[in-house]
Amino acid sequence: LVMAAERLADHDPARAGPRQRLWQIRAGHVILATGAHEQPLQFGNNDLPGVMLASAGLMFARQYGALPGRRVIITTANDYGHEVARGMIEAGAEIAAVVDSRPSAPASDQFSVIAGGTILQARGRKRVSAVDIAAKGRTSTVACDAVLMSGCWQPTLHLHSHSGGRSRYDEEAGCFVPANSLPNVTSVGGCKGDFTLSACLEAGHAAGNFAATNAGYPSSTECPKASTPEIGDIAQNVEFAETFSFPRKGKAFVDYQNDVTTADIDLAVREGFVSVEHLKRYTTTG
C-alpha cells in the first residue's frame with residue numbers, strides 16, 4: 001500500500017474544492033528513486049550568510065543565473081566538490097581554493113587544491129569575508145565572499161525504511177545504503193548509493209523493465225545514455241582528514257534547524273550519552 005498526497009489548491013487558496021487529495025494505491029511493484037541529501041561540514045561560524053551547500057551554490061549559478069559569490073572557497077570530502085568548482089568557473093566565478101580533507105585529493109590545472117585541509121572558521125559579520133584554513137600543520141587565512149561545502153551524500157532511505165527495509169553502512173561509498181528490501185520494492189539511483197549518472201540510468205532502466213514486464217506491459221530494450229558528461233557524474237569517494245589540534249572558533253552547527261552545535265555533541269558525550277539514539281534525543285539533533 002502506497003499513500004500519496006496530491007496537492008490541488010495549496011498554491012491557490014481561492015480555488016473551490018479540496019486543497020489536497022489522499023490516494024491509497026495498491027501497487028504490484030514500487031520503485032524508489034528518492035535521491036540523496038548532501039551533508040554540510042562543521043567549522044566555526046558555518047551559519048554565516050554566504051555559506052551554503054555546494055549543490056545549492058551550483059543551482060543558483062546554473063538554474064537561476066545568480067552567482068552565490070565572485071570569489072568562492074569550496075570545502076569538500078569527496079569528488080563532487082571538484083565538479084562543483086569546474087561548474088562555478090564555467091558560470092564566471094573565481095575559485096580561491098578547493099579545500100579537500102582527503103590527503104590524496106586529485107590536483108587540478110583549473111584551480112588550487114589544498115589536500116588534507118579543513119576550514120577552521122569563517123570570518124565576517126554580515127556575510128563571509130574570509131576563512132581560516134588548516135593544512136599540513138599550518139594555518140592560513142584566505143579571502144572569499146562565499147563558501148560552498150560538500151561533506152558527503154547520504155541516500156534518502158525514508159520510504160525504504162517505511163516499507164520494512166533495513167540499512168547497512170557501505171565503507172567504500174561512505175554512506176548508509178538499502179538492505180533487506182521487500183521483493184516488490186526496488187531502490188535505484190542516489191537512494192541506492194549510485195552516485196554516477198550512468199549508474200543511475202542503468203539501474204532505473206533495469207528496474208523499470210523488470211516492473212513493467214511483471215505487470216504485463218511491454219518494456220524498453222535500450223537504456224538511455226548521457227550525451228555529455230554532467231555534474232551528476234560524481235564519485236562519493238569520501239575520506240576525512242585526521243582531527244587537527246588547532247582550536248575552532250565560533251559556533252559550528254550540526255543541525256541548523258534545532259541550533260545543535262559540535263559543542264552540544266561534545267557535552268552529550270561527556271555526560272555519558274554515547275549511544276547515537278540517546279545522543280540525538282539529548283541534543284535534539286534532527
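**Entry 1: a hairpin to begin with**

I started at strand β15 (residues 175–179), where four of the five residues are buried, so the strand is largely enclosed by the rest of the structure. A reminder to myself: this is a predicted model. I then looked for the partner of β15 and found strand β14 (residues 166–170), joined to β15 by five bridges in an antiparallel run. One pair I noted by name is Asp170, which stands opposite Cys175 in β15. The two strands form a hairpin, and I counted four residues between them. In that turn I checked Gly174, and its phi is positive, about 70 degrees.

**Entry 2: the whole chain**

I stepped back for an overview. How many helices and strands are there in the chain? I found six helices and 18 strands. The chain has 286 residues, and buried ones make up 39% of them. I also took the box along the principal axes: the C-alpha atoms fill roughly 65 × 50 × 50 Å.

**Entry 3: the five-stranded sheet**

Next I traced an open sheet of five strands, and I wrote down its order as β5-β12-β6-β7-β8, with parallel pairing. Which strands are at the edges? They are β5 (51–53) and β8 (113–115), each of which pairs on one side only. On average, neighbouring strands here are turned by 20 degrees against each other, direction ignored.

Inside this sheet I looked at strand β6 (residues 71–76) and found it mostly covered, with five of its six residues buried. β6 pairs with β7 in the parallel sense, over six bridges. For one contact I picked Ile73, whose bridge partner in β7 is Ala97. I followed strand β7 (residues 94–100) on to β8, where the pairing is again parallel and runs over three bridges. Here I noted that Val98 stands opposite Val113 in β8.

**Entry 4: helix α2**

I turned to helix α2, which covers residues 80–91, twelve residues in all. I compared its span with expectation: from first C-alpha to last it reaches 17 Å, close to the 16 Å expected at 1.5 Å a residue. Which residues of α2 are buried? My list reads Tyr80, Gly81, His82, Val84, Ala85, Gly87 and Met88. I also checked what follows the helix, and Gly92 sits there with a positive phi near 110 degrees.

**Entry 5: the three-stranded sheet**

Another open sheet has three strands in the order β9-β10-β11, and I found antiparallel pairing. Its edge strands are β9 (117–123) and β11 (138–143), each pairing on one side only. The twist averages 25 degrees from one strand to the next.

Is the edge strand β9 enclosed or open to the outside? Six of its seven residues are buried, so I put it down as largely enclosed by the rest of the structure. Six bridges join β9 to β10, and the two run antiparallel. Thr118 is one residue I followed across, and its bridge partner in β10 is Ala134. The hairpin of β9 and β10 has six residues between the strands, and in it Gly124 takes a positive phi near 135 degrees.

On the other side, strand β10 (residues 130–135) is joined to β11 by six bridges, again antiparallel. There I matched Ala130 with its bridge partner in β11, Ala143.

**Entry 6: the second largest pocket**

Then I looked for empty space. Rolling a probe the size of a water molecule over the atoms shows where such space is left. The second largest pocket has a volume of about 320 Å³. I counted 13 lining residues, and the closest to the pocket centre are Leu1, Val2, Val30, Leu159 and Ser163.

Which elements supply at least two residues of the lining? I noted β1 (2–7), β3 (30–32) and α3 (158–162). I also sorted the lining by class: ten residues are nonpolar, three are polar and none is charged.

**Entry 7: one residue on β2**

Last, I looked up Gln24, which is found in strand β2 (residues 20–25). Is Gln24 buried or exposed? Its relative accessibility is 59%, and exposed means over 50%, so Gln24 counts as exposed. I then checked Gln24 against Val2: they are 22 residues apart in sequence, and their C-alpha atoms are 5.9 Å apart in space. I had already met Val2 among the residues closest to the centre of the second largest pocket.

Note on methods: Residues are numbered from 1 along each chain as its sequence is written. This is a predicted model: local features need pLDDT of at least 70, side-chain atom pairs count only at pLDDT 80 or more; totals for chains, interfaces and linings use all residues. Side-chain values use heavy atoms; hydrogens and water are left out. The expected span of a helix is 1.5 Å times one less than its number of residues. Buried means under 20% relative accessible area, exposed over 50%, partly exposed in between (1.4 Å probe, protein chains only). On a 1 Å grid over the protein atoms alone, a cavity is a set of points where a 1.4 Å probe fits but cannot get out, and a pocket is an open set with protein on both sides within 12 Å along at least five of seven lines; lining residues have an atom within 4 Å of a point. Grid points are joined across faces, edges and corners, and a volume is the space filled by probe spheres set on the points. Ala, Val, Leu, Ile, Met, Phe, Trp, Tyr, Cys and Pro count as nonpolar, Asp, Glu, Lys and Arg as charged, and the others, Gly among them, as polar. Two strands pair if DSSP finds at least two bridges between them. Axes are lines fitted to C-alpha atoms, for helices over the stretch in contact, and angles run from 0 to 180 degrees between N-to-C directions.
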